[in-house]
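Q: Could you take me through this structure feature by feature? I would like the general idea each time, then the case here.

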Amino acid sequence: MIFYPDRKIFKNSRIKNMCEYRNLVEDFKEDYEGTWAKYARIKLDWIRPFTKTLDESNAPFYKWFIGGKLNASVQCIDRHLKDKKNKTAIIWEADDGSRKFVTYLELHKEVNRFANLLKSLGVKKGDRVVIYMPMILEAAYAMLACARIGAIHSVVFGGFSADALKDRILDAQAKVVITADGAFRKGKAYMLKPVVDEAIKDVECVEKVVVVERNGEDINWTNRDVSYEELIKLQSSKCDPEIMDSEDPLFLLYTSGSTGKPKGVQHSTAGYMLWAQMTMENVFDLRDNDTFWCTADIGWITGHTYIIYGPLAAGATTLMFEGVFTYPDAGRAWRMVEEYQVNQFYTAPTAIRLLHKLGADEPKKYDLASLRVLGTVGEPIDPEAWMWYYEEVGQGKCPIVDTWWQTETGGHMITPIASATPIKPASATFPLPGIFAEIIDEEGNKVKPNEKGLLCITKPWPSMIRTIWNDPQRFVNSYFSTAKKDGKAVYFSGDGAIYDEDGYIFITGRVDDVINVSGHRLGTAEIEAVIKKVDLVAENAVVGKPDEIKGESIFAYIVLKGEDNLATEVEVLQKINEAISKEIGNIAKVDSIAIVPALPKTRSGKIMRRILRSIAKGEEITQDISTLEDPSIVEKIQNIVKG
Ligand code: WTA
């Protein structure tokens with residue numbers, strides 16, 4: 001089944017049909033650098049123009065727009081002051097339903113004052129600032145204030161534990177942490193500041209902690225802490241933007257990989273901003289008076305690119321939401337769409353499945369006529385959830401852009417263009433013009449239709465990850481060591497995918513040891529390392545198990561210490577989750593475990609994870625198990641898991 005965009009609705013859009021799409025693709029094929037240069041000149045406000053488009057001399061450490069100077073906060077704010085100063089830049093709705101509307105002029109003042117506040121604490125260009133905040137306006141101001149003075153922000157999702165926060169602070173050697181006392185969720189106050197206190201107990205690099213007051217609960221003030229409310233009053237609302245090089249880092253964002261600790265994905269200023277803005281405009285068919293709602297948290301890349309940088313660079317009105325969809329009832333999201341006349345609604349499949357399950361008929365109770373485009377991101381969406389989203393939320397008239405991309409890609413890569421692309425449910429369809437995404441084998445051969453291959457990007461693109469902070473070798477190993485094309489290492493995403501007969505791309509999910517729980521990336525190695533430290537546990541292996549709402553849930557195979565250990569599953573699970581909550585955070589909690597006598601290992605001692613994944617999914621074991629040290633273990637484990 002194919003769903004076509006309604007010509008009447010999209011007749012004045014930037015990209016009106018597939019013919020125009022193909023022409024754009026051709027432009028990039030014919031003159032790759034020239035076409036990127038053209039858009040960079042049109043879209044970005046340069047303080048000084050760049051002199052060279054792409055430097056490939058030190059591949060895969062590509063550089064873009066060499067010699068150019070700009071500032072991301074100017075791109076997001078200052079340049080709109082001429083004709084949009086009284087336009088609402090951000091609408092913020094709190095957990096309790098109260099709201100604030102911030103114009104571009106007000107945003108300019110707030111960001112400048114925050115920038116001066118950071119300067120008064122000694123923050124300079126190139127310094128790292130960790131932002132550990134709830135979804136409040138000050139979080140947006142903080143990110144943009146860093147951008148204004150050239151400090152590199154690293155936003156850490158508020159659900160991470162003190163240990164996880166500490167790792168990220170130390171890795172980046174952050175000078176300042178910005179946080180809040182806490183915030184509200186489902187009408188109740190929760191705390192963040194105590195987590196920061198715990199995280200930086202023995203950390204020397206942090207000189208100051210800026211504390212924003214949100215929930216007014218009592219907190220412990222130390223001599224490193226400063227009050228945002230007290231200091232902000234003293235600041236001038238004029239702060240000249242730092243002149244940044246195209247390649248100066250704009251931010252770090254830590255994400256999970258298949259091995260070791262989280263990686264500090266480093267993004268550039270010019271390339272990232274260009275693609276944030278272009279994808280915002282093209283993919284979502286953004287128009288002048290649109291109100292755009294991306295429901296992500298700013299702690300993830302989706303929040304960075306499609307709540308803050310993309311919408312603001314494009315001069316849109318962006319909606320930021322502190323609360324959760326299920327509070328006070330399952331109609332919350334739709335009531336907000338109606339109230340703010342939202343035109344684009346962008347969320348994750350896990351949220352769609354939840355909303356579907358909790359209130360399939362809720363959308364009917366609201367006037368959702370303002371919606372023009374729907375979007376999803378973060379994990380594959382199943383056809384059932386897709387159809388409900390299309391019919392009930394979009395009322396059969398809104399294209400769904402199923403956007404495939406990653407923390408590392410900065411912005412959308414493979415996705416329908418709302419105004420142009422004929423859509424097949426659950427397909428991310430085609431690469432955007434300028435993006436050379438291909439499904440290939442390790443030698444670079446394109447796979448045949450319906451044959452699974454590696455999803456790779458075969459040419460550099462402006463918003464690509466520049467390196468892993470402090471670990472360039474890991475950058476090369478993680479992304480440029482799996483696949484080659486024409487003898488040259490190409491970017492491998494970690495995802496598998498297929499083409500169908502018509503060339504539509506379907507993402508099949510991670511092929512490495514990363515699992516995707518409710519659209520959040522978690523490395524199994526990270527979770528296993530924590531479980532291994534639990535007293536009772538001798539060995540363990542973590543895999544993803546299909547889950548109706550979360551996409552995948554976390555499943556662990558546990559071998560206990562001592563032959564006749566009588567600990568029960570409930571006890572072991574509880575101990576494991578205490579450890580995980582402390583070291584990573586509740587988002588990585590294990591959902592279920594199986595206590596097994598041993599793990600399936602090859603004679604050389606390697607755990608055969610593929611078998612464990614198949615067992616968790618309830619699949620038949622088709623792989624050869626004769627190379628296992630003890631092939632009989634497979635059946636034993638299967639019986640335990642089946643119960
Ligand atoms: C998965 C989120 C299927 C994929 C922007 C990728 C998707 C990982 C989709 C990146 C999609 C993201 N369809 N899978 N539309 N979008 N993914 O870094 O496995 O949090 O590698 O970035 O999410 O997750 P990340």
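Q: Where is Pro-60 found?
A: Helices (H or I, at least four residues) and strands (E, at least two) are DSSP runs, numbered from the N terminus. Pro-60 sits in the loop between strand S1 (52-55) and strand S2 (63-66). The peptide bond from Ala-59 to Pro-60 is cis, with omega near 5°. Keep in mind that this is a predicted model: local features need pLDDT of at least 70, side-chain atom pairs count only at pLDDT 80 or more, and totals for chains, interfaces and linings use all residues. Residues are numbered from 1 along each chain as its sequence is written, and side-chain values use heavy atoms, with hydrogens and water left out.

Q: What is the peptide bond from Tyr-327 to Pro-328, and where does Pro-328 lie?
A: That bond is cis, with omega near 0°. Pro-328 belongs to the loop between strand S17 (317-321) and helix H12 (332-340).

Q: How do I read a sheet, and in what order do the eight strands of the open sheet come?
A: Strands of a sheet pair through backbone hydrogen bonds, either parallel or antiparallel. Two strands pair if DSSP finds at least two bridges between them. Here, eight strands form an open sheet in the order S12-S11-S8-S6-S7-S14-S15-S23, with mixed pairing. Strand S12 (225-227) and strand S23 (467-468) are the edge strands, and each pairs on one side only.

Q: In which sense do S15 and S23 pair?
A: Strand S15 (residues 263-268) pairs with S23 in the antiparallel sense, over two bridges. Val-265 has Ile-468 of S23 as its bridge partner. Follow the chain on from S23 and you reach the loop between S23 and H15, the place of Asn-470. Phi of Asn-470 is near 70°, a positive value in a residue other than glycine.

Q: How many residues lie between S9 and S10 in their hairpin?
A: Two residues lie between them. Lys-186 in the turn has a positive phi of about 50°. Strand S9 (residues 182-185) and strand S10 (residues 188-191) run antiparallel and are joined by four bridges. Gly-182 has Met-191 of S10 as its bridge partner.

Q: Now the ligand. Which residues come nearest to it?
A: A residue is near a molecule if one of its heavy atoms lies within 4 Å of it. Of the 17 residues around the ligand, Asp-402, Thr-403, Thr-407, Asp-495 and Arg-521 come nearest. Helix H11 (301-313), strand S20 (400-403) and strand S26 (505-510) each supply at least two residues of the shell.

Q: How many shell residues fall in each class?
A: Ala, Val, Leu, Ile, Met, Phe, Trp, Tyr, Cys and Pro count as nonpolar, Asp, Glu, Lys and Arg as charged, and the others, Gly among them, as polar. The shell has six nonpolar, six polar and five charged residues.

Q: Which atoms of Thr-403 and Arg-510 does the ligand approach?
A: A nitrogen atom of the ligand is 2.8 Å from a polar backbone atom of Thr-403. An oxygen atom of the ligand is 2.9 Å from an N or O atom in the side chain of Arg-510.

Q: How much of the ligand does the protein cover?
A: Accessible areas come from the Shrake-Rupley method with a 1.4 Å probe; for residues, only the protein chains shown count as cover. The ligand has 530 Å² of accessible area on its own, and the protein covers 96% of that.

Q: How many cavities of 30 Å³ or more are there?
A: On a 1 Å grid over the protein atoms alone, a cavity is a set of points where a 1.4 Å probe fits but cannot get out; lining residues have an atom within 4 Å of a point. Grid points are joined across faces, edges and corners, and a volume is the space filled by probe spheres set on the points. The structure holds three such cavities. The largest has a volume of about 50 Å³. Its lining includes Tyr-62, Trp-461 and Phe-480. By class, that lining has nine nonpolar residues, one polar and one charged. Strand S25 (residues 488-499) gives the most to this lining, with three residues.

How values were computed: A polar contact is a pair of N or O atoms within 3.5 Å; within protein, one must be able to donate a hydrogen and the other to accept it, and residues adjacent in sequence count only if both atoms are side-chain atoms. On a 1 Å grid over the protein atoms alone, a cavity is a set of points where a 1.4 Å probe fits but cannot get out, and a pocket is an open set with protein on both sides within 12 Å along at least five of seven lines; lining residues have an atom within 4 Å of a point.
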